[in-house]
Amino acid sequence: MRLRVPRGWSRPRGGSRISDTAPRPSGGIKDPSFRRSLTLFRAFLHEQDDPEACYALLARDSVDQVEAYDGPVAGRTVVDVGGGSGCFTEEFRRRGAHAYLFEPDAAELGAKPPDGAVIADGYLLPLYDGVADVTFSSNVLEHVADPQTFVSELVRVTRPGGLIYLSFTNWLSPWGGHEWAPWHYLGAERARARYRRRTGRAAKHTLGENLFAVHIGPTLRQVRARDDVRVVSARSRYWPFLAETVVKAPGIREVATWNLLLILRRCPP
Ligand SMILES: C[S@@+](CC[C@H](N)C(=O)[O-])C[C@H]1O[C@@H](n2cnc3c(N)ncnc32)[C@H](O)[C@@H]1O
């Protein structure tokens, strides 16, 4: 089954929409809004049978978010760290950005990675300091053992004044256990064993190996304590309303946020 992409959810049209506080409606669907969240949710339901359409839609939505905070990406240098098969890189390029994919796992790149994709670890990017106008990392932080070092590397390659888009699924999110969610609430081992029983396949993720229990509270404290970035926004990436408010409620936010989106701006040296 193919996904229906709503009309208007294409690249944002014209005009500078630079904002340092909250996203505005772009050429795509208003963010946050029920329509947008529902459309994304429907796409996620078809992630397995139509991954291309699902991730193309997510990429358009994510680049809309970047543009809502930072203006059109055309002509900018974008670094996509842990970008998997490159759908986000491709979307940045479609909008005229000079976008580069860095992905450590050749298998994740798939059969048709974007031209010039580089096999590289996000801990140690083969880039000079401050080369990127936008550094983009979607759903990678929960897959690294040392999130602070990973964030430091994202900051290092971003120019002063540049934007960092950092999103991750936190451990206590209903989706925190990835393919074995929501059974991770009963313990990772149990959830993995259940996944194997039900599907006959070994799960892709193992807690402590390629999936880590990253929490919202400590992550926020760590980024706010840094003197090289300013937190422009901390919000739920997908929520239809109160996207920033939910992140302000300690405890509740760990379950309710689903996926934390941090928009950071690199401070001048
Ligand atoms: C869930 S996928 C996300 C892919 C894509 N960014 C997205 O949002 O669909 C996690 C990605 O993180 C990558 N990854 C894991 N450890 C990494 C590291 N140390 N540096 C950079 N990427 C890493 C994986 O190879 C994988 O492609």
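This is a short walk through one protein model, from its overall layout to its ligand site.

Right, let's start. Please keep in mind that the model is predicted.

The overall layout, then. The protein has 269 residues, and 45% of them count as buried. Its secondary structure comes to eight helices and six strands. Reading from the N terminus, the order is α-α-β-α-β-α-β-α-β-α-α-β-α-β. So what about range in sequence? Take contacts between residues at least 6 apart in sequence: 61% of them join residues at least 24 apart.

Now helix 1. It covers residues 34-45, twelve residues. At 1.5 Å a residue it should span 16 Å, and its end C-alpha atoms are 16 Å apart, so the two agree. Which residues of helix 1 are buried? They are R36, T39 and A43. These three cover an arc of only 70° around the axis, which puts them on the same side of helix 1. Look at the other side and you find F34 and F41, both exposed. What do the buried residues of helix 1 pack against? Helix 2, residues 51-70.

That takes us to helix 2. It has 20 residues. From first C-alpha to last, helix 2 reaches 28 Å, close to the 28 Å expected at 1.5 Å a residue. Is helix 2 mostly covered or mostly uncovered? Mostly covered: 16 of its 20 residues are buried. Just after helix 2 comes G71, with a positive phi near 80°.

One residue in helix 2 is worth a stop: A59. A59 has 21 C-beta neighbours inside 10 Å; the cut-off for buried is 20 or more, so A59 counts as buried. Setting aside neighbours within four places in sequence, A59 is in contact with C87, F88 and E91. F92 comes into the picture too. A59 and F92 are 33 residues apart in sequence, yet 8.5 Å apart in space, C-alpha to C-alpha.

On to the core. As a general point, nonpolar side chains in soluble globular proteins tend to be buried together. In this model, the largest nonpolar core has 52 residues. Which residues have the most contacts inside it? V78 and V79. Helix 2 gives the most to this core, with nine residues.

Let's stay with V78. Again I leave aside neighbours within four places in sequence. V78 is then in contact with V73, F92, A97, H98, A99, A132, D133, V134 and F136. Note F92 on that list; we met F92 a moment ago, 8.5 Å from A59, C-alpha to C-alpha.

For contrast, go further along the chain to L220. It is found in helix 7, residues 216-225. L220 has 18 other C-beta atoms within 10 Å. Buried needs 20 or more and exposed means 12 or fewer, so L220 is partly exposed. L220 and A234 are 14 residues apart in sequence and 8.1 Å apart in space, C-alpha to C-alpha.

Last stop, the ligand. How many residues surround the ligand? There are 16. The closest are G82, G84, D105, G122 and S138. By class, the shell around the ligand has five nonpolar, seven polar and four charged residues.

To recap. Helix 1 packs its buried residues against helix 2. Helix 2 is mostly covered, and it gives the most to the largest nonpolar core. The ligand is surrounded by 16 residues. That's it from me.

Notes: Residues are numbered from 1 along each chain as its sequence is written. A residue is near a molecule or strand if its C-beta atom, placed from the backbone, lies within 6 Å of it. Ala, Val, Leu, Ile, Met, Phe, Trp, Tyr, Cys and Pro count as nonpolar, Asp, Glu, Lys and Arg as charged, and the others, Gly among them, as polar. Helices (H or I, at least four residues) and strands (E, at least two) are DSSP runs, numbered from the N terminus. Two residues are in contact if their C-beta atoms, placed from the backbone, lie within 7 Å. The expected span of a helix is 1.5 Å times one less than its number of residues. The arc is that of the directions from the helix axis to the C-beta atoms. A nonpolar core is a set of buried Ala, Val, Leu, Ile, Met, Phe, Trp, Tyr and Cys residues joined through C-beta atoms within 7 Å.
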